[in-house]
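I opened my notebook to get to know a new structure, one entry at a time. Come along and look with me.

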Amino acid sequence: MSGGPLVGLRVLELADEKGQFCGKLLADLGADVVKIEPPGGEPCRLVGPFLDDIPHPDRSLSFWYYNTSKRGITLNLETENGRALFRRLAADADVIVETFPPGYRESLGLDYESLRAENPGLVLCSLTPFGQTGPWRDYASSDLLHMAAGGEMASCGYDGSDLPIAPGGGNAWHMGCHYAYIGIMAALVYRSVSGQGQYIDTSIHEACALTTESAIANYIYRGETLRRQTGRHHAPAPTSRTQFRAKDGVYVTALISGGLNPRNVKALADLMDVTGMAGDLKDPKYQDPSVIADSASHIIDGLLASFIASLPAEEVYHAGQQRGFTWGAVRAPEDLLDDQHLHDRAFWKTVGHPELGRSFVYPGEAAIYNGTPWEISRRAPLVGEHNAEIFCEELTLSRGDLSALAASRVV
Amino acid sequence: MPQPKALKNIRVVDFSWVRAGPWATRWLGAFGAEIVKIEWPESERGRLPSSTTPQGVPVNLNTSGNFNDTNLNKKSLSLNVRSAKGLEIVKRLIGMSDVVIENFSSRVLQNWGLGYEELRKIKPDIVYVSMSGYGHTGRNHTYTTFGPVAQAVAGLTYQSGLPGEAPAGWGWSYMDDTGGMYGAMCVLTGLYHRNKTGQGQHIDLSQMVASVPLNGPTLLDFTVNGRGTKRPGFPPGNRAHWPGTPLVSNARGPTVAPHNAYRTHPGGYNDWCTIVCHTDEEFQRLTQVMGRAVPAKFSTMAGRLEHQDELDAWIEAWTSTLGKYEVTELCQAAGVRALPVQSAEDRVENDPQLRHRTMYQPLEHPVLGVHKVQNAPFVLSETPAVNTRPSPLIGQHTKEIVEDLLGYSHDDLRAGFEDGTFWPTKRPRFPYQEAMLS
């Protein structure tokens with residue numbers, strides 16, 4: 001096996017927090033992603049957390065994570081020399097991903113048509129908050145704002161509270177980047193047959209608006225507005241709770257697939273009986289669906305809640321799954337480091353940071369590509385780390401040329 | 001002249017059901033792949049149970065609104081794959097296809113005799129994407145998931161909510177939507193690689209595992225700095241930082257205030273507007289929009305973070321006098337980050353941007369009639385993703401696929417309906433099935 005499925009693909013990434021994950025998705029699957037940053041580095045290098053809590057452009061853990069397997073150069077596109085160098089790189093690139101405000105790239109004379117004139121196979125993907133057109137196209141945004149307008153917040157919160165909640169972790173950017181990746185790969189599959197490149201206008205707002213499961217269908221087909229519920233699905237009317245506190249204070253998500261029916265109630269009684277917590281649930285009367293329906297609160301809020309409260313969350317999770325219940329412990333992210341299933345799948349990766357003389361553990365791949373392995377080929381680039389490699393070795397500038405460009409703030 | 005399709009001549013054998021798998025193949029279909037959805041009415045999950053059938057329409061296999069939106073751009077072959085004859089038919093189909101995709105538990109396809117080793121004997125360069133809960137390897141591979149369980153186990157649920165309270169979590173199967181994205185990503189990546197090299201492969205996607213990389217910076221804070229998330233002030237609600245707790249990054253972008261959702265007029269369930277100021281300059285612009293004198297303690301970022309409760313109350317006293325779209329427009333006109341909390345109704349009816357971008361466009365379904373469906377979030381200049389057909393009725397294309405594509409005779413089709421290969425013998429047929437037998 002040699003390299004990922006995208007080996008041989010050259011990508012130029014001109015992206016901030018909105019698009020850097022798209023570059024990582026491509027780079028970890030083998031693409032040669034060259035990240036082009038303004039001189040001094042991309043501003044999202046100043047987003048925390050930082051190594052040892054010391055802010056510095058080369059110490060942002062957020063930047064580290066989202067920029068694995070890439071090389072990095074600096075280039076000032078607002079200079080004529082900078083644009084000329086960019087055009088030389090673009091002439092040999094397969095893909096460009098950029099997150100500039102709409103119109104900015106064109107104002108620099110770097111419109112798609114002129115880039116394609118030199119490179120007919122070029123796939124250029126713009127990934128912006130609202131796309132290239134429309135009344136909101138120049139609006140400012142953030143992860144929180146996208147979770148609001150996209151509909152995520154309208155679906156997340158607590159029973160008995162109006163407060164909408166935005167889940168953390170930067171998922172609006174993830175949603176945009178997943179769709180951008182799909183658009184780019186569809187264009188690349190087409191190019192592998194036709195030889196033709198194309199321009200892609202991707203909207204983060206639309207990506208978020210597409211990511212609320214049935215909420216849109218509930219409205220379109222039934223006119224329903226969904227209510228927020230604690231730790232479970234939004235719904236037009238209240239549903240039974242599915243999140244229970246275990247003995248160790250950790251919560252458990254315990255849905256009953258298919259709802260309460262005689263078969264599920266019997267399986268539940270058998271599971272809880274192992275620790276003597278079945279209560280009266282083994283009574284044959286619970287094989288009558290009408291009795292079950294009348295006893296739903298007793299079964300869920302009484303017996304099931306007490307059973308879960310009697311054991312640590314991880315025990316409930318595994319005991320339930322081993323008996324066919326689709327249950328899970330609500331883990332803090334750091335608990336995943338102890339997950340044996342992830343270790344079996346060799347999920348965690350050790351990534352060297354030679355300039356620090358240290359290595360760190362990083363999360364790995366969503367999917368195992370059995371023929372073409374996913375890999376973190378290098379840690380995120382330091383500011384301008386590959387300037388000499390790209391400008392001198394690849395574009396054959398002399399070291400003197402490069403020094404002069406640095407002195408004039410082109411790189 | 002119609003525009004070309006990115007996935008012209010690509011055929012996908014789609015065993016997927018419920019949400020994540022069908023959401024993946026919906027997009028492949030929009031790019032022009034021929035999606036053949038293999039279904040069996042006795043073990044169907046996705047069409048039923050339906051909570052999105054319009055009021056007054058009978059609930060049956062063909063009337064789920066959410067199924068319709070999730071399964072646009074596909075054909076349906078009703079086939080009992082668990083019968084010897086059904087297996088032979090599906091193998092013939094696989095031999096003429098490029099992709100096999102499924103989201104069953106980890107050993108289902110293998111137990112049918114359709115594991116990857118068997119698939120590649122039928123079609124050496126097949127791209128096989130399995131979308132199981134925990135993947136095909138690892139000690140918990142038999143475990144099952146729904147979106148909410150994958151989200152819980154993988155650490156996503158924990159990062160949503162107010163500090164000191166139970167997790168609010170995600171109010172839907174985020175990892176069915178996102179799992180679908182990864183399914184489509186795996187198929188397209190596998191196809192690109194196949195077109196370049198001639199090699200197919202098995203791509204083993206796991207819904208639970210795919211959730212974990214979405215916690216990247218939070219995980220690095222632990223593996224690098226040793227800081228976990230079981231700490232005061234985490235998760236910080238809608239804020240970037242919870243006042244009165246140590247000032248650390250909570251992995252929601254820059255650590256700034258204001259960063260919250262604020263009540264707007266008239267105070268209904270979804271009358272909220274989010275406002276975020278990344279810099280002092282942005283905050284000054286906000287206060288100019290508000291037209292209020294700024295208390296000195298809010299003049300610096302440190303002061304705003306420290307006095308966030310008072311700051312948020314101060315801002316909300318203003319926002320609650322205006323509608324959420326008014327707040328948005330006033331702020332954005334001044335270069336201040338603000339957007340409304342939008343319900344589904346807001347997105348479909350009130351969002352001027354989504355309207356301009358034609359996000360929701362009507363499409364006719366043979367039973368449900370004309371309804372809006374969700375369009376793609378990207379515009380490809382040469383090969384756009386287009387919703388070309390409604391979701392299939394169950395088994396709607398059985399005759400077309402069996403006779404026209406696979407080359408069986410009309411007598412074979414009738415025999416297959418008689419012996420339970422194409423439809424359970426004791427189950428009433430829909431009128432369109434009777435029609436295909438005449």
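**Entry 1: two helices in chain A**

Is the crossing of helix 1 of chain A and helix 8 of chain A left-handed or right-handed? I looked it up, keeping in mind that this is a predicted model. The crossing of these two helices is right-handed.

Next I checked the geometry of the pair. Helix 1 (residues 20-28) of chain A and helix 8 (residues 171-194) of chain A have axes that come within 8 Å and cross at roughly 50°. Helix 1 of chain A and helix 8 of chain A are therefore oblique to each other.

I then listed who meets whom. From helix 1 of chain A come Phe21(A), Cys22(A) and Leu25(A), and they meet Trp173(A), His174(A), Cys177(A), Ala180(A) and Tyr181(A) in helix 8 of chain A. I sorted the residues of this contact into seven nonpolar, one polar and no charged.

**Entry 2: a sheet with a strand from chain B**

Here I followed the strand order. An open sheet of seven strands runs 3(A)-2(A)-1(A)-4(A)-5(A)-6(A)-12(B), with mixed pairing. At its edges I found strand 3 (70-74) of chain A and strand 12 (378-380) of chain B; each has a single partner strand, so one side of each is left without a neighbour in the sheet. From one strand to the next, the twist averages 15°.

I looked at one pairing up close. Strand 2 (residues 32-37) of chain A pairs with strand 3 of chain A in the parallel sense, over five bridges. In that strand 3 of chain A, Ile73(A) stands opposite Ile36(A).

**Entry 3: a sheet with a strand from chain A**

What is the order of the strands in the open sheet that holds 12(A)? I read it as 12(A)-6(B)-5(B)-4(B)-1(B)-2(B)-3(B), seven strands with mixed pairing. Strand 12 (367-369) of chain A and strand 3 (75-78) of chain B stand at the edges, and each has a single partner strand, so one side of each lacks a neighbour in the sheet. Neighbouring strands here are turned by 20° against each other on average, direction ignored.

I wanted to see how the strand from chain A joins in. Strand 12 of chain A pairs with strand 6 (residues 201-206) of chain B in the antiparallel sense over three bridges. Tyr369(A) stands opposite Ile203(B) in strand 6 of chain B, and Ala367(A) has Leu205(B) as its bridge partner.

Two helices of chain B also pack on this sheet. Helix 1 (residues 20-30) of chain B touches strand 1 (11-14), strand 2 (34-39), strand 4 (99-102) and strand 5 (127-132) of chain B, and its direction makes about 150° with that of strand 4 of chain B. Helix 7 (residues 174-197) of chain B touches strand 12 of chain A as well as strand 4, strand 5 and strand 6 of chain B. The direction of helix 7 of chain B makes about 165° with that of strand 5 of chain B.

**Entry 4: the contact between the chains**

How many residues does each chain bring to the contact? I noted 130 from chain B and 124 from chain A. On the side of chain B that touches chain A, helix 7 of chain B gives the largest share, 17 residues. That side of chain B divides into 61 nonpolar, 53 polar and 16 charged residues.

**Entry 5: domains**

Last, I noted the domains. Chain A is divided into domain 1 (10-211 + 344-407) and domain 2 (251-330), with 46 Å between their C-alpha centres. Chain B is divided into domain 1 (11-212 + 358-437) and domain 2 (238-263 + 272-340), and their C-alpha centres lie 44 Å apart.

Methods
Residues numbered from 1 in each chain as written. Chains lettered and ligands numbered in written order. Predicted model: local features only at pLDDT ≥ 70, side-chain atom pairs only at ≥ 80, totals over all residues. Pairing = 2+ DSSP bridges. Helix = DSSP H or I, 4+ residues; strand = E, 2+ residues; numbered from the N terminus. Axes fitted to C-alpha atoms, helices over the stretch in contact; angles between N-to-C directions. Contact = placed C-beta atoms within 7 Å. Domains from an automatic or database assignment. Nonpolar A, V, L, I, M, F, W, Y, C, P; charged D, E, K, R; others polar. Parallel < 35°, antiparallel > 145°, perpendicular 65-115°, else oblique. Left-handed = near helix turned anticlockwise from the far one by under 90°.
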